[in-house]
Amino acid sequence: MKKWRVSIVSLLCALCLLPAGKAMASETEVDVAEQLESLMPQGDSFMFEDGDVVGFIGDSITQVNYTGISYQEFIYNYYITRHPDWDLEFRNLGTSSFTAADAVKLYSGQGGITDPTIEGINKAVIMFGMNEGLNNISADSYIQSIRQLVSLLNERGIENEHIILTAPTPYDQTRSSNYTEDGQMIEQTDDLISQYVPALKELAEELGTQYVDLHTPMLWVNGIVQSRIADDTLTVTDNVHPNAMGNVFAGFFFLYQQGAGNQVASVRIGAGEKAEAENAEITRIRRKDTEYLSFLYQPGSLPIAVSYELEQAGQYFPVIDQISWENLAIDELEPEKNYRLFLDGVLAGEFTGEELGEGINLTNLDGNPGKETAETIESLNQQWHTASSDYREVVRSAYEGKAEQKDVDAAYEQWETVTVRLRGQMYEAARTYSDKGYRVEVAAEDFPLWRGRGTWRFAVLAAVILAAAGGGLLIRKRKRRRTEER
């Protein structure tokens, strides 16, 4: 078990569902913990690594041409912000309307065209099932096509341990609009997709591939959503494609099952000028009793960008804290006193001494410079996603005989140029941030400040400047007197 993994009780504390030492958790709270516990990797984590070129092979749920947020774009945001010193490449190989059998046909050369994006990948994520379900394809036929696709990847030198078979996101057949007035369910596509899930897991165990289940946990969250509003959903209106928040949840559950940790960096300022830091450097600590504290902070990673959709997902359970925790804890403050927190001179929040002693998550603060940089990376990442989706549309047209190989090749060259540039910009932004630090200041609510700095510091600085100026004036007067005496 990885160090960052936690027990049920501490997990609930992290989720802000069960404060330590207080009453037992409710039935709903325990259900959250049990669901997350069930998603933990049974063996070692299978995170992507520095230098990997990962191909996401799938249908329109992977291509995603209807929203700027896709599940793999969310995953990419995590990796770039968490590991700014890496060089990790993601490739979108999703093709709208495809089944696994179509992918086999395309990548075995039977489709009449070549898709160059598959060349050079060393790890692959496979997610099919939605179109199979919509076309009433049996579980046996579905599994046979997945098996053939794995064999094709093996022929390209990709070993099974580097392939992730992914159970697809669900078809939403439980929202109220999918029922007739007399309570009869209209579409029951997910009944068939639900048969694919255990069969896919068995195949992964047989072949020794990795396995991620997006279907089961997203059904669980969808149940929470619809317990509040009967016709609410994690999909768009077609009940098929995950909406922006649905893609956020899919990305989160994928990362969680990979074994992704939530720690960005962790800092605890102890007594006097003592400090403990993980994945961060702390220098120039200054304290003034329990009234004022400042230090220079250089984290090795960035918090994940908190988009509107990720923030909204937090209403169902605190997903942000589970994927991005940038911890700041400060000892020896007065528990009941209110303190202002300044990050790089900007007021980021107000907390009690007790809250700061327990530790707060800087990810959630708008004034966090790392969060601002992460938002820039997310914007570039969405451009990467759009460029990739546009290229996939050309591949689909050529596969259907509506375009030629020369069109695919031209689109590929354009895609490669754009995505190489965007990947470089994303990593440059992440590395630039992680290579420099910023000042953190904590001041009691009644402590005098000017522009986020203690006025006592400016008084000392002013005194030094005045003393220097006075000394210079005295020297000039003496020189003038000597000149006159001559």
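1. In this predicted model, the residues of strand β3 point alternately to two sides, with K123, V125 and M127 directed one way and A124 and I126 the other way, and all of them are buried. The general background is that in a regular strand the side chains alternate between the two faces of the sheet. Since five of the five residues of β3 (residues 123–127) are buried, the strand is largely enclosed by the rest of the structure.

2. What are the pairing partners of β3? On one hand, strand β1 (residues 53–58) pairs with β3 in the parallel sense over five bridges, and within that pairing I57 stands opposite I126. On the other hand, three bridges join β3 to strand β4 (residues 163–167), again with the two strands running parallel, and here the bridge partner of I126 is L165. I126 therefore deserves a look in the viewer, as a residue of β3 that faces I57 in β1 and is bridged to L165 in β4, and that is itself buried.

3. Strand β4 can be described in similar terms, because five of the five residues of β4 are buried, so that this strand is largely enclosed by the rest of the structure. Both of its faces are covered, with I163, L165 and A167 buried on one side and I164 and T166 buried on the other. Beyond its link to β3, β4 is joined to β5 by four bridges, the two strands running parallel, and T166 stands opposite V212 in β5.

4. These pairings belong to an open sheet of five strands, in the order β2-β1-β3-β4-β5, with parallel pairing. The edges are formed by β2 (89–94) and β5 (210–213), each of which pairs on one side only. Direction ignored, neighbouring strands of this sheet are turned against each other by 20 degrees on average.

5. Turning to a helix pair, the axes of α4 (residues 71–82) and α14 (residues 369–399) come within 10 Å and cross at roughly 140 degrees, which makes α4 oblique to α14. The crossing in which α4 passes α14 is right-handed. On the α4 side the contact involves Q72, E73, Y76, N77, I80 and T81, which meet A374, I377, E378, N381, Q382, W384 and H385 of α14. By residue class, this contact divides into five nonpolar, six polar and two charged residues.

6. Is F295 buried or exposed? F295, which lies in strand β9 (residues 292–299), has a relative accessible area of 1% and is therefore buried, the cut-off for that class being under 20%. Leaving aside residues up to four places away in sequence, F295 touches I269, I282, T283, R284, I285, L328, Y438, R439 and V440. R439 is worth singling out from that list, since 144 residues separate R439 from F295 along the chain, while their C-alpha atoms are separated by 5.7 Å.

How values were computed
Residues are numbered from 1 along each chain as its sequence is written. This is a predicted model: local features need pLDDT of at least 70, side-chain atom pairs count only at pLDDT 80 or more; totals for chains, interfaces and linings use all residues. Side-chain values use heavy atoms; hydrogens and water are left out. Axes are lines fitted to C-alpha atoms, for helices over the stretch in contact, and angles run from 0 to 180 degrees between N-to-C directions. Angles under 35 degrees count as roughly parallel, over 145 as roughly antiparallel, 65 to 115 as roughly perpendicular and the rest as oblique. A crossing is left-handed if the near helix is turned anticlockwise from the far one by less than a right angle, and right-handed if clockwise. Contact means heavy atoms within 4.5 Å. Ala, Val, Leu, Ile, Met, Phe, Trp, Tyr, Cys and Pro count as nonpolar, Asp, Glu, Lys and Arg as charged, and the others, Gly among them, as polar. Buried means under 20% relative accessible area, exposed over 50%, partly exposed in between (1.4 Å probe, protein chains only). Two strands pair if DSSP finds at least two bridges between them.
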